[in-house]
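Me: Could you take a close look at the charged pairs in this model for me, and then carry on into the parts of the interior around them? I would like one connected account rather than a list.

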Amino acid sequence: MASKSIDNAFTAKAIRGAASDPTYAGVLSFMRRKYSKDLTDVDAVVLGIPFDAAVSNRPGARFGPQAIRRASAIFDNDPQYPFARDLFEQMAVIDYGDVLLDYGNHQNTPALIEQEAARIIASGAYLLGLGGDHFVTWPLLKAHAAKHGPLALVHFDAHQDTWDDDGQRIDHGSFVGRAVREGVIDPTRSIQIGIRTEAPEDFSINIIPGYEVEDMGAQAIADAILSHVGTAPTYLTFDIDCLDPAYAPGTGTPVAGGPSSAKMLSVLRKLGALDIRGSDIVEVAPAYDHADITAIAGATVAMYMLGLRAEKLATRA
């Protein structure tokens, strides 16, 4: 037992290295990372954003960060598949906890998220956001673009999120259009994968619709993303409803006809050449989940995002 840890999120003496808590016990941070607000020498930060007041259908994604953290306990201290490495041996990662939001003053929410994200980004750390509904990507994008300039958006989703917007709405279905209009993303280098709904505008963003995803292999999808985005600084956002409801029932606006978790994870695994500056996983709503199917998928997507970052840092070492 001497080599085992317990409550590593609090008891960890370092911000590198794997934990060895039992999968069924211990404090639930994301992948057992140390809970900390100290950004010194940190390579990547996991930030929860428990907000779902912007949904157009079923609420509940405010519980997404809790569910994703809980599901991430399944990742024990073995080298993480398919990266074949301890992600944290060289990459220092902390769980920053959640953004404090006032449920009675939603008009303050965008600024609160953006301010917290900007503080983390200013430290030089990579930011991985755990939503929350997809509106939270808007202030995250603003914070990243303030440092990196207009970003290519790689957007996995069943929805385009380009609905009408007056620039003030708090709406999970319009952030992409707003980001184009305000110059936060570059539509000519952006791409959406898995779209299975219609929206009034596409803003000239390249789309791989659901029926094409069904006919394409994972390598072909990844190649399409890589060739379109190129070397542009990139933000990666993954709405869990990109997956078919068979693989992600726990979400607010499920759409039938989507891809499997295995296929989309395979696509993510092949995106290591992208210059990803930040990322998020959103719309996990555990009240509609069964046996943590959706939470496990969401936690795995988040783990892959960190895996890609760990590989990127390893090549720079």
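Reply: Let's begin with Arg169 and Asp171, whose side chains meet in a salt bridge with an N to O distance of 2.8 Å. Arg169 is partly exposed, at 41% relative accessibility, whereas Asp171 has 11% and counts as buried. Please keep in mind that this is a predicted model. Side chains of opposite charge can pair when their charged atoms come close. In this model the count comes to 12 salt bridges.

Another of these pairs is Asp165 with Arg178, where the closest N and O atoms are 2.8 Å apart. Asp165 sits in the loop between β5 (152-156) and α5 (175-181), while Arg178 belongs to helix α5, so the pair links distant parts of the chain, 13 residues apart. Here both partners, Asp165 and Arg178, are buried.

A further salt bridge joins the side chains of Arg69 and Asp98, again at 2.8 Å from N to O. Arg69 lies in helix α2 (residues 64-71) and Asp98 in strand β3 (residues 93-98), so this bridge ties together parts that are 29 residues apart in sequence. Arg69 is buried, with a relative accessible area of 5%, and Asp98 is partly exposed at 32%. The pair also has company: Arg69, Asp95 and Asp98 are linked in a network of salt bridges.

Arg69 leads us to its helix. Of the 8 residues of α2, 6 are buried, so the helix is largely enclosed by the rest of the structure. Those buried residues are Gly64, Pro65, Ala67, Ile68, Arg69 and Ala71. They pack against β1 (34-35), β2 (44-49), β3, β4 (126-131), β9 (275-282) and α9.

Ala67 of α2 gives us a way across to helix α9. The C-alpha atoms of Ala67 and Thr294 are 8.9 Å apart, although 227 residues separate the two along the chain. Thr294 is in helix α9 and is buried, with a relative accessible area of 0%. Leaving aside residues up to four places away in sequence, Thr294 touches Ile240, Tyr247, Ala248, Pro249, Gly250, Val284 and Asp289.

What does helix α9 give to the largest nonpolar core? This core has 55 residues, and those with the most contacts inside it are Phe156, Ile193, Ile225, Phe238, Met264 and Leu306. Helix α9 gives the most to the core, with 11 residues. In soluble globular proteins, nonpolar side chains tend to be buried together. Apart from this core lies another, of 38 residues, among them Ile15, Val45, Phe51 and Ala179.

Met264 deserves a visit of its own. With residues up to four places away in sequence not counted, Met264 touches Phe156, Ile193, Val213, Ile221, Phe238, Cys242, Leu243 and Pro259. Met264 is also one of the buried residues of helix α8 (residues 261-269), together with Lys263, Leu265, Val267 and Leu268. The buried residues of α8 pack against β5, β6 (191-195), α6 (210-215), α7 (218-229), β8 (233-239) and α9. So helix α9 is a packing partner for the buried residues of both α2 and α8.

Finally, a word on the empty spaces inside. There are 2 cavities of 30 Å³ or more. The largest holds about 130 Å³ of space. Of the 16 residues that line it, Ala18, Phe75, Asp76, Asn77 and Gln80 are the closest to its centre. The lining of this largest cavity divides into 7 nonpolar, 3 polar and 6 charged residues.

The second largest cavity has a volume of about 70 Å³. Its lining is made up of Tyr126, Gly272, Leu274, Ile276, Met305, Leu308, Arg309 and Lys312. Helix α9 (residues 293-316) turns up once more, giving the most to this lining, with 4 residues. By type, the lining of the second largest cavity has 5 nonpolar, 1 polar and 2 charged residues.

Definitions and conventions: Residues numbered from 1 in each chain as written. Predicted model: local features only at pLDDT ≥ 70, side-chain atom pairs only at ≥ 80, totals over all residues. Heavy atoms only, no water. 1 Å grid on protein atoms, 1.4 Å probe; cavity = no way out; pocket = protein on both sides within 12 Å on 5 of 7 lines; lining within 4 Å. Points joined across faces, edges and corners; volume = space filled by probe spheres on them. Nonpolar A, V, L, I, M, F, W, Y, C, P; charged D, E, K, R; others polar. Helix = DSSP H or I, 4+ residues; strand = E, 2+ residues; numbered from the N terminus. Core = buried A, V, L, I, M, F, W, Y, C linked by side-chain atoms within 4.5 Å. Buried < 20%, exposed > 50% of the residue type's maximum accessible area, 1.4 Å probe, protein only. Contact = heavy atoms within 4.5 Å. Salt bridge = Lys/Arg side-chain N within 4 Å of Asp/Glu carboxyl O.
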